[in-house]
Number of protein chains: 4
Amino acid sequence: MREERHETRRATVPALEEILYIPAKVLDHGFVRVIDYMGDDAAIVQAARVSYGAGTKRVRDDAGLINYLMRNWHTSPFEMCEIKLHVKLPIFVARQWIRHRTANVNEYSARYSILDREFYVPELEHVAVQSASNRQGRGEAVDPARARRVLDLLRRDAAQCYATYEELINDRGHGKPADPEAPQLARELARIDLNLSYYTQWYWKVDLHNLFHFLSLRMDPHAQYEIRVYAEAIADIVRDWVPLAFEAFSDYRLGAATLSREEIEIVRQLVRGADPDEILPASGLTLRERKDLRALLGLGPPR
Amino acid sequence: MREERHETRRATVPALEEILYIPAKVLDHGFVRVIDYMGDDAAIVQAARVSYGAGTKRVRDDAGLINYLMRNWHTSPFEMCEIKLHVKLPIFVARQWIRHRTANVNEYSARYSILDREFYVPELEHVAVQSASNRQGRGEAVDPARARRVLDLLRRDAAQCYATYEELINDRGHGKPADPEAPQLARELARIDLNLSYYTQWYWKVDLHNLFHFLSLRMDPHAQYEIRVYAEAIADIVRDWVPLAFEAFSDYRLGAATLSREEIEIVRQLVRGADPDEILPASGLTLRERKDLRALLGLGPPR
Amino acid sequence: MREERHETRRATVPALEEILYIPAKVLDHGFVRVIDYMGDDAAIVQAARVSYGAGTKRVRDDAGLINYLMRNWHTSPFEMCEIKLHVKLPIFVARQWIRHRTANVNEYSARYSILDREFYVPELEHVAVQSASNRQGRGEAVDPARARRVLDLLRRDAAQCYATYEELINDRGHGKPADPEAPQLARELARIDLNLSYYTQWYWKVDLHNLFHFLSLRMDPHAQYEIRVYAEAIADIVRDWVPLAFEAFSDYRLGAATLSREEIEIVRQLVRGADPDEILPASGLTLRERKDLRALLGLGPPR
Amino acid sequence: MREERHETRRATVPALEEILYIPAKVLDHGFVRVIDYMGDDAAIVQAARVSYGAGTKRVRDDAGLINYLMRNWHTSPFEMCEIKLHVKLPIFVARQWIRHRTANVNEYSARYSILDREFYVPELEHVAVQSASNRQGRGEAVDPARARRVLDLLRRDAAQCYATYEELINDRGHGKPADPEAPQLARELARIDLNLSYYTQWYWKVDLHNLFHFLSLRMDPHAQYEIRVYAEAIADIVRDWVPLAFEAFSDYRLGAATLSREEIEIVRQLVRGADPDEILPASGLTLRERKDLRALLGLGPPR
């Protein structure tokens with residue numbers, strides 16, 4: 001499909017055309033590739049001008065308007081852009097991803113088709129302990145010897161489960177049985193033996209506003225590493241596609257921070273010269289909030 | 001924008017490119033025009049093959065597969081196509097239209113901008129009485145003299161309201177007051193005097209599955225005439241865009257009928273030769289259901 | 001319905017039971033009343049504990065957990081509460097309200113039924129000019145004499161349009177014609193003459209997460225006054241219903257502020273003692289952003 | 001929670017109160033139980049009367065109105081009822097279930113918490129071959145000896161994977177390590193070794209319209225057996241909750257059939273006495289469509 005070229009009157013983004021259909025590798029067997037897209041930075045501006053009409057006659061360049069929309073949560077103009085991705089990803093990642101409901105999905109069906117023998121095994125340095133601090137994510141990497149043992153176990157189990165899967169579906173291609181004596185078990189049943197590390201794939205289509213929401217949650221350091229690398233691969237694509245919108249997103253969302261009512265009050269006092277070591281402990285902030293606020297303001301640990 | 005041509009690797013539909021950006025007139029001042037689109041019939045097939053994978057290796061042409069998807073409510077492949085329309089429409093039509101929630105909308109804002117002096121006045125032959133039968137829609141047209149009186153009243157009131165609107169916003173263009181002595185009332189307030197017949201406009205972006213749902217509800221004879229003509233104009237566009245999918249939609253949705261459990265039982269008996277005048281009155285169907293079933297089966301009124 | 005009492009095992013909120021079915025007046029003819037609700041503060045906590053399971057065994061009181069969820073955008077537990085409201089509101093307010101798509105709506109249909117002679121007329125002090133600063137909302141109130149003239153025009157036009165509406169539908173109750181000689185025009189057509197100030201009503205059902213989103217947008221000072229008062233009436237209800245969640249919402253959303261990447265950098269410098277009059281003009285912030293940041297930090301205008 | 005009783009003014013359904021919080025067993029370790037609900041049959045009727053107002057003054061009993069709504073796809077009144085379920089289900093079932101996007105979900109998080117040693121093993125009689133006819137579902141059961149071998153393999157692999165999981169998380173309760181020498185691997189990583197047959201659980205909240213849509217797809221004979229039994233368990237609950245709506249759903253959706261434009265034409269001819277063996281082969285219907293139509297009309301196989 002990549003070779004075919006067509007003439008179109010639609011908004012076209014040369015930088016995205018360059019990478020259309022080309023998979024960007026993610027994890028050990030996964031990828032993300034762009035299948036289609038609609039709109040560009042100018043389409044966002046155009047939609048905003050429909051809404052705000054003659055009222056925005058005032059000269060303001062496109063970047064300024066896009067920043068304004070992003071800052072003030074005028075989200076509907078970003079919904080006017082749409083992208084369709086083909087993604088190959090481990091099932092446990094797919095389970096997190098699918099929680100984003102405002103998207104269209106066509107997933108490879110293991111009821112119809114046979115899954116390939118492809119499963120995710122982490123890199124040594126990503127084998128880490130349960131984090132003590134956030135009760136959810138990963139803490140420090142385990143020592144390499146232990147990590148190798150972990151990877152061996154993961155590989156051994158995945159291999160054994162696939163062997164079972166193959167025996168059950170009993171297919172040597174084109175629906176012919178590998179063992180003519182044995183039944184070909186229903187695929188929908190055989191697949192339940194596979195591990196969550198196995199890869200699936202899907203087409204995923206989403207508008208830019210909802211994609212930004214996905215990215216802001218999944219590029220977050222609290223997101224699981226294995227989905228974060230997909231979000232980062234998609235971010236690279238979005239930067240090529242709608243550079244002005246991506247920069248606005250980066251400044252007003254990704255790199256932004258929200259202060260609560262009480263945190264604002266504290267910052268006001270700090271700006272007026274108050275001593276953080278005095279006012280923070282006296283505030284109603286939790287320990288975690290105080291720590292996060294100190295980090296945000298570059299204050300260093302309490303004395 | 002229409003003059004610009006770009007080279008793209010994306011799926012492109014020449015028949016739709018032909019009409020891109022060109023308004024199709026609807027009602028007295030409205031229009032529908034395509035601003036952008038994503039995908040084509042082949043994109044539906046491609047998405048279906050991702051889902052059903054090697055399982056659909058069996059030769060089946062695209063039309064057959066699309067019919068199969070439509071018939072069996074495999075809706076997600078149709079979600080892989082997207083279209084963006086620019087629509088100008090009366091506010092009372094917009095109020096019905098917006099009830100379709102699964103779409104993206106950027107509407108002209110009468111808080112920022114000034115609405116034009118354009119309001120909808122029906123054609124003489126569409127001025128009709130309240131329907132006695134369905135308690136909702138229109139019945140027969142009223143006589144032309146009465147109808148003219150109706151139109152005169154509508155025109156008179158809309159003109160008077162716009163005169164008030166103009167006095168209130170007090171704008172002679174570019175924000176300059178028409179009457180330098182008078183205040184320029186907030187636009188968000190002045191517009192509340194306008195009638196529901198006034199035109200608004202919006203960008204409306206929707207995927208093909210949800211567009212078909214919109215069409216099936218709004219092309220229905222029970223839909224109000226004024227939204228039906230918009231649905232019909234969009235149907236013409238969709239026919240150009242995805243001819244195979246539109247034909248499947250036409251056969252399996254628009255032209256289809258659903259029989260209830262009891263209606264199926266009755267049809268079974270009729271096919272075996274039962275007399276409708278005997279079994280219908282003895283059935284549990286309501287009067288309306290019996291009438292509709294007779295019409296569907298081409299049976300004519302009861303003896 | 002208010003008189004009937006039932007026994008239930010469901011989560012029940014006495015403070016909300018007190019006001020169930022009782023309309024809270026809004027604007028001149030509008031109201032909001034609670035018809036039904038599901039869940040309470042404890043239901044949010046319970047849902048959170050399902051998700052985070054044994055991992056949250058650590059003692060943390062409900063208020064602390066709810067604050068944590070709100071702060072970290074763990075939104076799904078808030079979706080576990082649902083409320084159903086009956087709202088009477090002007091059509092121009094309904095047009096803004098309906099843009100919130102994640103809700104269920106049953107609106108009074110003017111195709112079936114006859115609208116009452118009730119239209120919104122602002123209070124004198126809310127008759128204001130177009131704002132010069134934000135190009136959208138209202139600025140200062142106009143002088144009372146002018147304002148009275150505005151209200152007279154609004155009343156005159158609404159009265160005339162309703163007189164036309166009455167003539168067209170020609171109904172004196174129970175579908176009997178008021179004028180036996182004249183036709184009863186289709187209601188769907190007659191209503192197009194009415195002004196946007198006329199009242200409609202609907203049942204509106206929404207989950208708490210999406211309701212908070214609605215409130216954060218519609219309680220904002222930039223929202224139009226006439227929808228803001230509805231949002232405020234609903235906020236009072238929510239405070240009775242889920243007091244802990246509402247307080248968290250109030251602290252971490254309503255009263256919160258988001259700083260962009262660059263604003264964070266500036267605040268860091270200010271906290272370290274930098275002079276705002278030096279660093280703000282040298283920053284990349286727009287004039288509006290600088291003004292907003294000064295206001296947020298209580299800095300007063302530049303020297 | 002079951003023991004607590006409260007007084008409420010809300011619509012209450014005694015039959016549902018009876019089973020509130022009580023798990024209905026599904027599969028070997030799963031269940032469905034009602035946690036909360038909003039509305040009843042009367043709430044549907046009430047919402048419909050808001051929409052259609054005085055226009056439905058005509059006496060029509062609640063059952064008749066609900067049938068009318070169901071038949072004519074007036075879906076919004078059904079959205080006025082809401083139910084919250086606690087479901088325990090195998091991961092491969094959860095993966096199908098979550099595709100229904102219009103619902104609220106709080107799933108047990110295996111990043112925070114430890115999954116129990118519970119996995120699904122089918123009953124002997126549900127171990128079946130890949131269906132030859134529909135290329136997706138199950139065909140005939142395999143012979144018991146083979147089936148036992150299948151179950152043994154499933155059990156063996158699941159047991160081994162759980163043993164690995166336990167070794168990796170290295171937890172003997174309350175976060176204490178089972179082996180003090182070994183690291184406690186991050187839970188988000190350890191769980192990727194588990195099979196798709198393992199159980200998860202969630203709170204799932206949905207409105208009645210979308211629940212009916214879920215049921216119509218998942219009670220269908222083409223749905224995988226393991227999700228069908230959940231749908232059937234939920235159907236039993238819905239029958240208790242809103243008996244009139246459920247009966248309408250049963251007659252006008254579950255037991256209904258849709259005829260395409262061409263099938264209607266054929267049925268018309270059959271009703272007039274045409275010979276199916278003559279007109280069906282001459283029609284444009286596919287082989288599958290002809291077979292389905294014969295079955296629907298009780299015609300038996302072609303001569």
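**View 1. Contacts of Tyr230(B) in the predicted model.** In this predicted model, Tyr230(B) is in contact with Val26(B), Val32(B), Val87(B), Leu89(B) and Val93(B), once its neighbours within four places in sequence are left aside. Tyr230(B) is also one of the residues with the most contacts inside the largest nonpolar core, a distinction that it shares with Tyr230(A), Tyr230(C) and Tyr230(D). That core has 339 residues.

**View 2. The rotation that relates chain A to chain B.** Chain A is superposed on chain B, with an RMSD of 0.1 Å, by a rotation of 180 degrees that carries 0.0 Å of shift along its axis. This is the relation of a two-fold axis, and 100% of the contact residues of chain A recur in chain B, so that the same surface serves both copies. Within chain A, the residue that comes closest to the rotation axis is Glu7(A), whose C-alpha lies at 2.3 Å.

**View 3. The side of chain A that touches chain B.** Chain A and chain B each give 40 residues to the contact. On the side of chain A, the elements that supply two or more residues are strand 1 (6-8), strand 3 (30-38), helix 2 (41-52), strand 4 (82-90), strand 5 (104-107) and strand 8 (199-207). Sorted by class, this side of chain A comprises 14 nonpolar, 12 polar and 14 charged residues.

**View 4. Pairing of strand 1 of chain A with strand 1 of chain B.** Strand 1 of chain A and strand 1 (residues 6-8) of chain B run antiparallel and are joined by 3 bridges. Within this pairing, Glu7(A) stands opposite Glu7(B), and Glu7(A) is also the residue of chain A that comes closest to the rotation axis.

Terms used
Residues are numbered from 1 along each chain as its sequence is written. Chains are lettered from A and ligands numbered from 1 in the order in which they are written. This is a predicted model: local features need pLDDT of at least 70, side-chain atom pairs count only at pLDDT 80 or more; totals for chains, interfaces and linings use all residues. A nonpolar core is a set of buried Ala, Val, Leu, Ile, Met, Phe, Trp, Tyr and Cys residues joined through C-beta atoms within 7 Å. A residue is buried if 20 or more other C-beta atoms lie within 10 Å of its own, exposed if 12 or fewer, and partly exposed in between; C-beta atoms are placed from the backbone. Two residues are in contact if their C-beta atoms, placed from the backbone, lie within 7 Å. Copies are superposed by least squares on the C-alpha atoms of residues with pLDDT of at least 70 in both. Helices (H or I, at least four residues) and strands (E, at least two) are DSSP runs, numbered from the N terminus. Ala, Val, Leu, Ile, Met, Phe, Trp, Tyr, Cys and Pro count as nonpolar, Asp, Glu, Lys and Arg as charged, and the others, Gly among them, as polar. Two strands pair if DSSP finds at least two bridges between them.
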